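Biologist: I would like to learn how to read side-chain features from a set of coordinates. Could we go through them one at a time, with the general idea before the case?

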Amino acid sequence: NFTPVVYEDFLLSVPSKGGYREIFNSDHLCFGGSGVINEGLLSSQTYENEAEPTYRLRLRVPPLGMTILKSDDSSK
């Protein structure tokens, strides 16, 4: 995110159903950020479309920062 705006409830398409965890966020307080992070397990939601179902996460996008998510196999 290259803007100073926080995006709450941002929908992000993910490749598979299940849980995801944030493993890095440049806006974390320990890096001098404002603390807009995604804590805990984020669970994907299924959205039906014409061809096949898609999976999406709702997450917080930090201002002027980035976040990295990892699939959490323990949630399947």
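Modeller: What follows takes up charged pairs, aromatic rings, a surface patch and one residue's contacts, all in a predicted model.

Biologist: How many salt bridges are there, and which side chains form them?

Modeller: Side chains of opposite charge can pair when their charged atoms come close. Here the count comes to two salt bridges. In one of them the side chains of E8 and R60 meet, with 3.0 Å from N to O, and this pair links distant parts of the chain, since E8 belongs to strand β1 (residues 7-14) and R60 to strand β5, 52 residues apart. R21 forms a salt bridge with D72, where the closest N and O atoms are 2.4 Å apart; that pair also links distant parts of the chain, with R21 in strand β2 (residues 19-25) and D72 in strand β6, 51 residues apart.

Biologist: Is D72 buried or exposed, and what about R21?

Modeller: D72 has a relative accessibility of 11%, so it counts as buried, given that the cut-off for buried is under 20%. R21, at 36%, counts as partly exposed. In the other salt bridge, E8 is partly exposed with a relative accessible area of 46%, and R60 is partly exposed with 29%.

Biologist: How should I read the pair of rings formed by F24 and F31, and why is the pair called tilted?

Modeller: A pair of aromatic rings is described by the distance of the centres and the angle of the planes. The count comes to one aromatic pair. The ring centres of F24 and F31 are 5.4 Å apart and the planes stand at 45 degrees, so the pair is tilted, because planes under 30 degrees apart would count as stacked and those over 60 as edge-to-face.

Biologist: Which ring has the charged end of R56 over it?

Modeller: The charged end of R56 sits over the ring of Y47, at 4.8 Å from the centre of that ring.

Biologist: Which residues form the nonpolar patch on the surface?

Modeller: The patch consists of I23, F24, F31, M66 and I68, which together have about 460 Å² of accessible area. Among them, M66 lies in the loop between β5 (54-61) and β6 (67-72) and is partly exposed at 41% relative accessibility, while F24 is partly exposed at 30%.

Biologist: Where is Y55, and what does Y55 touch?

Modeller: Y55 is in strand β5 and is partly exposed, with a relative accessible area of 21%. Leaving aside residues up to four places away in sequence, Y55 touches L12, S13, V14, P15, S16, K17, S44, Q45 and T46.

Notes: Residues are numbered from 1 along each chain as its sequence is written. This is a predicted model: local features need pLDDT of at least 70, side-chain atom pairs count only at pLDDT 80 or more; totals for chains, interfaces and linings use all residues. Side-chain values use heavy atoms; hydrogens and water are left out. Rings of Phe, Tyr and Trp (its six-membered ring) pair if their centres lie within 6.5 Å; planes under 30 degrees apart count as stacked, over 60 as edge-to-face and the rest as tilted. Buried means under 20% relative accessible area, exposed over 50%, partly exposed in between (1.4 Å probe, protein chains only). A charge sits over a ring if NZ of Lys or CZ of Arg is within 6 Å of the ring centre and within 35 degrees of the ring normal. Patches are made of residues with over 30% relative accessible area and no salt bridge: like charges are joined within 9 Å, nonpolar side chains (Val, Leu, Ile, Met, Phe, Trp, Tyr) within 5 Å. Accessible areas come from the Shrake-Rupley method with a 1.4 Å probe; for residues, only the protein chains shown count as cover. A salt bridge is a side-chain nitrogen of Lys or Arg within 4 Å of a carboxyl oxygen of Asp or Glu. Helices (H or I, at least four residues) and strands (E, at least two) are DSSP runs, numbered from the N terminus. Contact means heavy atoms within 4.5 Å.
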